[in-house]
Amino acid sequence: MDRRIVITGIGVVTPIGIGCEMFWNNLLAGQSGIAPVQSFDTSEYNVHRGAEVKEFNAEDYILNLDAAHLGRASQFAIAAARLALADAGVEIGSLDRKRAGVSMGTTSGEPREVERFDDAYVSKKLDRIGPEFIQLYPCHVIAAHVASELQFAGVNTMIPTACAAGNYAIAHALDVMRAGRADLMLAGGSDAFSRITFTGFARLGAVAPEICQPFDRFRKGMIPGEGAGVLVLEPLDRARRRGARIYAEVAGYGLSCDAHHMTAAHPEGAGAERAMRQALADSRTNCEDVSYISAHGTGTATNDRLETIAVKRLFKDEAYRIPISSIKSMLGHTMGAASAIEAAVCALAVFSNRIPPTINLNDPDPECDLDYVANSARELPVNIAMNNAYAFGGNNASLILRKRELLN
Amino acid sequence: MITGAGVISPLGDSPARLHDSLGRGLSAIKPIKLFSTEGLGCPLGGEIADFDATKYLGQRNLRPLDRTSRLVASAAQLALADSGWSIEMRNVQEIGLVLGTMFCSLHTISEFDRRALEAGPAYASPMDFSNTVINAAAGQTAIAHNLRDVNTTISTGVTSGLEAISYATELIRSGRARALLAGGADELCFESFYGFDRAGLLCRSNVTAGDFPIPFDSRRNGSALGEGAALLMLEDVALARERGAKILGEVVGHGSSYDCSRGQDSVQAVEAIASAIRHAMSDAFLLPHEIDCLSASANGSRGGDQHEAEGVVAGLNGQTQKLPVTAIKSMLGETLGASGPMQAVSLLETMRDGVLPGIPQLHQVEDDFPLTMARSKNQEADVINGLINSIGFDGHCCSLILSRGEEN
Amino acid sequence: MSTEEIRTKVKKSIVKIANINFDDIPDNASYKDDLQLDSLTILEIAVDAEYQFQVKLSDDDLGVLRTVDDTVRMVQQYLSPVMAA
């Protein structure tokens, strides 16, 4: 069983475009998807902006299941899955469906279902909520619906590790394939815009009023978003045999837990550093070999500062050489989808030798003095990319993607 | 290697007490006191009466932890104590946690949302928000017990806990971790209870406490919901031997698959169950006749129980006439994320004392019911290898095989 | 409402949320140093105080509450009629 696992397809549903090509072009152009929130009334809040997906027509992508009977996160996930498979040139009909699996991550699952429940509850009309609630709400339905739509009967996992979920899901898919338990895995994350999430982050004082400006001295916080990212993972030998385009190898990962605080990272970035260190060791990568880092970079005062500390502690002098960008500056924080979309970005970076910018970075915080690729995309050789993600509950995950030419 | 276990259940807060209760045919299914069931079809559930986490966690401030987090943190305390992991040892070797849960806390999510709806978003509770993410209980438990190694949450419905044990097993096999708490939890709460009730999955009225659910019985007409937490301490064999830990047993095989029809098509459902069993058998390098007992997932569901029975026969190549079968959800109810791990804890006890709990009230089965050794009374069973199934309401299937510890 | 009444209510929030005995809370206790509370607990206490007194503090004002006295003073400020500077 070939233990070298590669990415052959990318599908994304994002606030700046649906589908890999549109998304990548807009990302490199520094386009922002942040705008006034449309999906619910924010007049009672102090903040009013979010990164919602525009012009998403679920019926275009959902061909077997009934889109009207799926929650939004499931719709995004199926769309991203189909886009990824098309991008990979995979003939779904020719797959051994028992060896095709799905590994997804999320933060909220299908929040609109529980919001609907709560609306009915407070207006004392709970009988409006019928049998579909338990079928549509629990977060595992996202991975389940993808599998049902595509008839993938293999491994099916949902890893809801919040803002780091995408990385966890991709790491798990990597392990499943290395153990020989699947020939093809769809791996990624999905989250729908959520009143609950918006309320919570607003209540924590973590939401920026206008823009997301990671690493900037005047950064005011994160901007909640939504979306999905799905990668097609295959063993290298199968990908080569069918002449697939290979974006990158999934070379390794590291996981750790802060065990410190539910919503704030360890004050010295210790957990983040451990996850990165493990990812390097796991993929046998040295600090000087890392070409690019996709940061967690939410734009909050603490995250960006602690993330900088963690990168410096691990990479030492190399930290000043490695370009680091936060695409949350453009996409906002797409929650469980974030690190999946960011992994896609790392794959595209490795494939095309181009990296996206961190936009809105006009006055860097002196404590964030690394090269954060301010405002303009850049061309440079990208051999090895690292993708970092940190979540509530102290869940940290780092993923390493490697250029296919480096595969022996 | 399994070196310890912790369980919080309505039938006992230690493996021995739980096993003793099951052996005496005691039922946890009683009128629910935790919330009002007025207007619902089913008034009964497997509630942990008067659950007091301070008994296990001491006098620390538990306000930040909701019920689910308290269940998990308490079970973790018991598992750490049972496996002999002192604080000194844990300064040298980090321990991680892999938790399976279907909902984590739907109650907290709803309460948070409802307070914001009723009082306005400015008065939403920040502390509750930190518990609205599905990895919250795992995060809280890591903080409570300083668990800084891998921390993952798996959410695949009923199979969550068994999938978590499988995930942890793979991490240890691959050398990524050496010691992990692995298992699952779910709480009883109005919101999820309502959902199951409305979906017609719970037994209707006209039944009295203790009379249902009756897995496999021809009169069965639904499940009962329960709650609890169960965690196993898994370690690599070298570490267990190094520290002279007692070995309760070993996870020798696991397998999972997905029923794309989500339970609607019997042929696909049966095949998915059989697939999961076959994967577990081949992972364990065992043949059907080497399986000494089955701990079934059957919970009183009309379709599900029959699918499982047929799936087991198919998965074990028809060699089931002499296979003793138990179904402990008959007494605990359907504990969702906790269910598979509870079955594991009970199976380890059976391996120790040779007693396989009966299925109370199992008096009549359909003519073609194939599992002839599913009995209402306890059976004597010399179990070296035991098979555990977890089968979801809507597609997920997971099987685990445990082998007896050497000392037994 | 008198200062003492406000202080009592604030302390009761601390009792409820941080599980500390009422009588063990000095009048001018510092949340972090004296009571060893983390940031989430401190915020929860502040929001609970807002809820009890039906006031809405700005994010900036929320950020400077370091002691019980800070909270009492801030609540008083929000409760009394505004005197334009």
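Two strands count as paired if DSSP finds at least two bridges between them. In this predicted model, strand β9 (residues 248–257) of chain A pairs with β15(A). The two run antiparallel and share 8 bridges. Within chain A, A:Y253 stands opposite A:L399 of β15(A).

Strand β15(A) has a second partner. Strand β14 (residues 384–390) of chain A is joined to β15(A) by 7 bridges, again in the antiparallel sense. Here A:M386 stands opposite A:I400 of β15(A). Strands β14(A) and β15(A) form a hairpin with 4 residues between them. In this hairpin, A:G393 adopts a positive phi near 85°.

Burial was examined next. Strand β15 of chain A spans residues 395–402, and 8 of its 8 residues are buried, so the strand is largely enclosed by the rest of the structure. Both of its faces are covered. On one side, A:N395, A:A397, A:L399 and A:L401 are buried. On the other, A:N396, A:S398, A:I400 and A:R402 are buried too.

The contact between the chains was also analysed. In total, 59 residues of chain B are in contact with 57 residues of chain A. On the chain B side, several elements each supply at least two residues, among them α6 (126–130), α7 (136–145), β5 (151–154) and α11 (266–284). The largest share, 9 residues, comes from α5(B). By class, the side of chain B that touches chain A has 25 nonpolar, 23 polar and 11 charged residues.

Note on methods
Residues numbered from 1 in each chain as written. Chains lettered and ligands numbered in written order. Predicted model: local features only at pLDDT ≥ 70, side-chain atom pairs only at ≥ 80, totals over all residues. Buried ≥ 20, exposed ≤ 12 C-beta atoms within 10 Å, placed from the backbone. Contact = placed C-beta atoms within 7 Å. Nonpolar A, V, L, I, M, F, W, Y, C, P; charged D, E, K, R; others polar.
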